[in-house]
Amino acid sequence: SAAHLQLLPDPAAEFTTAMAALVRDPTQGFRPASWRYALIVEDGTIVKHLVEPSFSETSLETTTAEQVLALLDPSGTLPVFATLFSRKGCPDCARALQLLRCHGIQVTEHIVGKDVPRESLLGMTAGAATPAVFVGGQSVGGLRELQDFLAERKHFQRKA
């Protein structure tokens, strides 16, 4: 059920390496990068393994958040999830967290330097600015971009 859904990052690429999905990306100076994949795991057993046919972040065919959620719940009733990378004491980060919760979006917050290394944020966003918001697996940006994103998507119901 949605209440038991957990998104698991692999910031040090340990699992990705064990799966032989770590590649050298020529567009990033041959730095290690993960071949895009998604797993559906139930009770510790992989029940679905989705892998993109090519190494490209611009043409995703099988591993978008929407595609994975559709496999989990074809009726489309699963909640929207967000990931927020923040810094302790950052007022924009606190506001972004408040906005996400206010719009009924389930959010996982990762504090840069505490929960995840700064390099993980750099690898995902090509920058270290916080807040860094991802909704449904897609990068939204910072606080201003989140405000625009939420304003454009009226289907996210505001909580009273």
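**Burial and contacts around strand S5**

In this predicted model, Ser-86 is classed as buried because its relative accessibility is 1%, below the 20% limit for that class. Ser-86 belongs to strand S5, which spans residues 81–86. The side chain of Ser-86 is engaged in a polar contact with the side chain of Glu-109, at 2.6 Å. Leaving aside residues up to four places away in sequence, the residues touched by Ser-86 are Cys-93, Glu-109, His-110, Ile-111, Val-112 and Thr-130. Glu-109 thus appears both as the polar partner of the Ser-86 side chain and among the residues that Ser-86 touches.

Strand S5 also contains Phe-85. The count of aromatic pairs in the model is 1. This pair is formed by Phe-85 and Phe-134, whose ring centres are 6.0 Å apart and whose planes are inclined at 80°, an edge-to-face arrangement. Phe-134 lies in strand S7 (residues 132–135), 49 residues from Phe-85, and the pair therefore links distant parts of the chain. Both Phe-85 and Phe-134 are buried.

A further buried position is found in strand S2. Ala-33 is located in this strand, which covers residues 31–34. The relative accessible area of Ala-33 is 18%, so Ala-33 is assigned to the buried class, for which the value must be under 20%. Ala-33 and Ala-13 are 20 residues apart along the chain, and their C-alpha atoms are separated by 8.4 Å.

Key. Residues are numbered from 1 along each chain as its sequence is written. This is a predicted model: local features need pLDDT of at least 70, side-chain atom pairs count only at pLDDT 80 or more; totals for chains, interfaces and linings use all residues. Side-chain values use heavy atoms; hydrogens and water are left out. Rings of Phe, Tyr and Trp (its six-membered ring) pair if their centres lie within 6.5 Å; planes under 30 degrees apart count as stacked, over 60 as edge-to-face and the rest as tilted. Helices (H or I, at least four residues) and strands (E, at least two) are DSSP runs, numbered from the N terminus. Buried means under 20% relative accessible area, exposed over 50%, partly exposed in between (1.4 Å probe, protein chains only). A polar contact is a pair of N or O atoms within 3.5 Å; within protein, one must be able to donate a hydrogen and the other to accept it, and residues adjacent in sequence count only if both atoms are side-chain atoms. Contact means heavy atoms within 4.5 Å.
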